[in-house]
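Dear colleague,

Please find below the structure that I am handing over to you. A summary of what was found in it follows.

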Amino acid sequence: MGLKIVIFGSGRGSNFQSIVDAINRNKLNAQINAVVINNPDAPMIKKAETNNLTTLVIDNTDLSQGQHEDKILQELSSYEFDLICLAGYMRILSKNFIEVVGAPIINIHPSLLPAFPGLHAQKQALNYGVKVSGCTVHRVTEEVDAGPILGQRCVPVEEDDTVDTLARRILEQEHILYPEIIQKIANGKIPI
Ligand code: GRF
């Protein structure tokens with residue numbers, strides 16, 4: 001049983017899959033009670049359905065942020081959860097949503113925050129010329145990619161790195177870091 005989580009995503013779903021795999025390998029004491037996806041074309045939908053998880057596709061097209069969030073809150077009210085994990089979720093959450101949803105929210109970001117928040121973090125890191133980048137799991141607050149840091153993993157930047165090669169190596173570390181941090185939350189090692 002363990003920690004009851006809900007995962008939010010918009011796209012590929014590789015971090016989502018890493019959480020599923022960690023649960024299946026008994027490395028993570030958690031259960032996924034629902035998956036929320038805002039993009040009806042997201043490959044993550046198939047991944048969630050293949051794993052027989054409750055998959056709530058809540059399209060934001062033609063909805064204001066408030067309307068979309070109200071819909072999510074309404075749908076989630078049927079499920080129990082202790083934690084929300086954003087995994088490639090491309091919508092910004094409002095202060096109101098964060099306050100009323102009823103569980104802490106965490107996110108994974110492909111840089112060593114507070115460096116390079118926002119979109120295209122790997123490209124920002126390469127353009128800046130940093131020699132070390134990585135990934136961060138942090139608490140979600142109103143300000144994008146700025147909440148308290150819960151864990152990080154480093155990735156050296158190679159001289160011949162492109163955005164793709166760097167992103168790929170960071171992603172490998174994301175897949176290790178995210179389930180580890182969720183497990184630390186599950187066993188109380190990270191208070192949240
Ligand atoms: C990851 O790089 C994550 O850090 C960022 O968005 C990407 C999502 O990839 N927030 P995936 O959907 O988990 O494969």
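**Findings**

Pro114 is located in the loop between strand 5 and helix 5 (121–128). The model is a predicted one, and the backbone at this position deserves mention: the peptide bond from Leu113 to Pro114 is cis, with omega near 15 degrees. A second backbone feature concerns Asn52, whose phi is near 55 degrees, a positive value in a residue other than glycine. Asn52 belongs to the loop between helix 2 (44–50) and strand 3 (55–57). For context, most residues other than glycine have a negative phi, and most peptide bonds are trans.

I turn next to the ligand. The ligand occupies the largest pocket. Two elements each give two or more residues to the shell around the ligand, namely helix 1 (14–24) and strand 5 (105–109). The surrounding residues are Arg12, Gly13, Ser14, Asn15, Gly88, Ile108, His109, Pro110 and Glu174. Sorted by class, this shell comprises 2 nonpolar, 5 polar and 2 charged residues.

Three side chains in the shell deserve individual attention. In the side chain of Ser14, an N or O atom is 2.5 Å from an oxygen atom of the ligand. For Arg12, the distance from an N or O atom of the side chain to an oxygen atom of the ligand is 2.6 Å. For Glu174, an N or O atom of the side chain likewise lies 2.6 Å from an oxygen atom of the ligand. On its own, the ligand has 370 Å² of accessible area, of which the protein covers 86%.

Finally, there are the aromatic rings. The structure contains 3 aromatic pairs. One of them is formed by Phe8 and Tyr89: the ring centres are 5.2 Å apart and the planes are at 75 degrees, so the pair is edge-to-face. This pair links distant parts of the chain, as Phe8 is in strand 1 (residues 3–9) and Tyr89 is in the loop between strand 4 (83–86) and helix 4 (95–100), 81 residues apart.

With kind regards

Methods:
Residues numbered from 1 in each chain as written. Predicted model: local features only at pLDDT ≥ 70, side-chain atom pairs only at ≥ 80, totals over all residues. Heavy atoms only, no water. Near = heavy atom within 4 Å. Polar contact = N/O pair within 3.5 Å; in protein donor to acceptor, adjacent residues only side chain to side chain. Areas by Shrake-Rupley, 256 points an atom, 1.4 Å probe, with all protein chains shown as cover. 1 Å grid on protein atoms, 1.4 Å probe; cavity = no way out; pocket = protein on both sides within 12 Å on 5 of 7 lines; lining within 4 Å. Sits in = over half its atoms within 2 Å of the grid points. Helix = DSSP H or I, 4+ residues; strand = E, 2+ residues; numbered from the N terminus. Nonpolar A, V, L, I, M, F, W, Y, C, P; charged D, E, K, R; others polar. Phe/Tyr/Trp six-rings, centres within 6.5 Å; stacked < 30°, edge-to-face > 60°.
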